Amino acid sequence: MLSNRMLEGLNKQLNYEIYSAYLYVAMENYFQEKNLEGFANFFKVQTQEELAHARIFYEYIYRMGGKVTLYPIEKPEENFESILELFKKALSHEKTVTERIHKLVDIAIEEKDHATNAFLQWFVNEQVEEEESFQRLVDKLELIGDNIQPIFILDAELAQRIFVLPAPLAQGQ
Ligand code: FEO
């Protein structure tokens, strides 16, 4: 059984995960327009991951006897000055997601909701990976600077990314 405060927090995070997917579609568009298909693929997979994150919240809310509430999805930013600026914004976005997840854990602890605390730990770990992944790319892009050749090499690397169903969905948790 979820408290009203916990339920509202989970529903708002479900919404924010869908917003994250929307933001990453905007970032995919930036690369589609530049014909950088590997970068576009990276954000296509990122979008799939975010929608999967939303689904994990969805399933959990119903398993706990709650009700999913849908909120409006905010329009994401669509104009980016450079590839580096775009990735810095993605990293900053993921840091915001991390803060939000940590606040949900704080609520779960305050409410003595051990089940939701345990559920959220997967997201705590996932956010370590999310920030690491974007930080690594920001670092590489800062080294690359304005050199186009390494951008094409990175594009080829990012073309290899594939979507893997996150463990909570793969295991039907
Ligand atoms: Fe759902 Fe990128 O965190």
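Reader: In what order do the elements of the protein run from the N terminus on?

Author: The model discussed here is predicted. The protein contains six helices and zero strands. Read from the N terminus on, its elements therefore follow the order α-α-α-α-α-α.

Reader: What is the radius of gyration of the protein, and why does it count as compact as a globular protein of that length?

Author: For 173 residues the globule rule gives 16 Å, and the value for the protein is close to this, so it is as compact as a globular protein of that length. Along the principal axes, the C-alpha atoms fill a box of roughly 55 × 30 × 25 Å. The radius of gyration is 17 Å.

Reader: Is Leu91 buried or exposed, and what is its relative accessible area?

Author: Leu91 has its place in helix 3, which spans residues 83–110. A residue is termed buried when its relative accessible area is under 20%. Leu91 meets this cut-off and is therefore buried, with a relative accessible area of 8%.

Reader: Which residues is Leu91 in contact with, leaving aside its neighbours within four places in sequence?

Author: Contact requires heavy atoms within 4.5 Å. The C-alpha atoms of Leu91 and Glu130 are separated by 8.3 Å, although these two residues are 39 residues apart along the chain. With its neighbours within four places in sequence left aside, Leu91 is in contact with Glu131, Phe134, Gln135 and Val138.

Reader: How many positive and negative side chains does the protein have, and how far apart do the centres of the two sets lie?

Author: Positive side chains number 17 and negative ones 29. The centres of these two sets are separated by 4 Å.

Note on methods: Residues numbered from 1 in each chain as written. Predicted model: local features only at pLDDT ≥ 70, side-chain atom pairs only at ≥ 80, totals over all residues. Heavy atoms only, no water. Helix = DSSP H or I, 4+ residues; strand = E, 2+ residues; numbered from the N terminus. Buried < 20%, exposed > 50% of the residue type's maximum accessible area, 1.4 Å probe, protein only. Rg over C-alpha atoms; globule rule 2.2 N^0.38 Å. Lys, Arg positive; Asp, Glu negative; His and termini not counted. Charge placed at Lys NZ, Arg CZ, Asp CG, Glu CD.
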